Amino acid sequence: MAKDVLCEVRNCHYWAEGNRCSAEAIYVVSHAGKMASDSTETDCKTFVPSEEV
C-alpha cells in the first residue's frame, strides 16, 4: 500500500498540510464499471467537504 497519498483538494475534510490525505482508507471508483482507461474515468469516493474553507 502507498505510504503517502497526496491530495490537492483543500476543501476536503481529510486534506492535511503538505497536500497529504489523512484518511485511514481511500475509496476510488470507475465511471466505466470495473475498468478505467485513465484518471478522468475515476472518482475519489473518500472525499468529504470540509466545514472550514
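**Exercise 1.** Where does His13 lie relative to strand E1? Work out which residues farther along the chain it touches.

*Solution.* Before starting, note that this is a predicted model, where local features need pLDDT of at least 70, side-chain atom pairs count only at pLDDT 80 or more, and totals for chains, interfaces and linings use all residues. Residues are numbered from 1 along each chain as its sequence is written, and side-chain values use heavy atoms, with hydrogens and water left out.

- Step 1: find the spot. His13 sits in the segment before strand E1 (15–16). Strands (E, at least two residues) and helices (H or I, at least four) are DSSP runs, numbered from the N terminus.
- Step 2: leave out neighbours within four places in sequence. His13 is then in contact with Val48, Pro49 and Ser50, where contact means heavy atoms within 4.5 Å.
- Step 3: check the backbone. His13 and Val48 are 35 residues apart along the chain, yet their C-alpha atoms are separated by 5.4 Å.

**Exercise 2.** Sketch the overall layout of the protein chain.

*Solution.*

- Step 1: count the elements. There are zero helices and four strands, so to speak a β-β-β-β pattern along the sequence.
- Step 2: box it in. Along the principal axes, the C-alpha atoms fill roughly 35 × 25 × 15 Å.
- Step 3: look at burial. Of the 53 residues, 11% count as buried, meaning under 20% relative accessible area, with exposed over 50% and partly exposed in between (1.4 Å probe, protein chains only).
- Step 4: look at long-range contacts. Take the contacts with a separation of 6 or more: 25% of them join residues 24 or more positions apart.

**Exercise 3.** Which residues does Val29 touch, leaving aside its neighbours within four places in sequence?

*Solution.*

- Step 1: place the residue. Val29 lies in strand E3, which covers residues 28–30 and also holds Val28.
- Step 2: list the partners. Val29 is in contact with Glu41, Thr42, Asp43 and Lys45.
- Step 3: add a distance. The C-alpha atoms of Val29 and Cys44 are 6.5 Å from each other, with their positions 15 residues apart along the chain.

**Exercise 4.** Is Leu6 buried or exposed? Follow its contacts to the next residue of interest.

*Solution.*

- Step 1: place Leu6. You'll find it in the segment before E1.
- Step 2: read the accessibility. Leu6 counts as exposed because its relative accessibility is 60%.
- Step 3: go through the contacts. Beyond its neighbours within four places in sequence, Leu6 touches Gly18, Asn19 and Arg20.
- Step 4: compare with Ile26. Leu6 and Ile26 are 20 residues apart in sequence and 11 Å apart in space, C-alpha to C-alpha.

**Exercise 5.** What is the phi of Asn19, and how accessible is this residue?

*Solution.*

- Step 1: place Asn19. It belongs to the loop between E1 and strand E2 (20–21).
- Step 2: read the angle. Phi of Asn19 is near 55 degrees, a positive value in a residue other than glycine. Most residues other than glycine have a negative phi.
- Step 3: classify the surface. Asn19 has 28% relative accessibility, so it counts as partly exposed.
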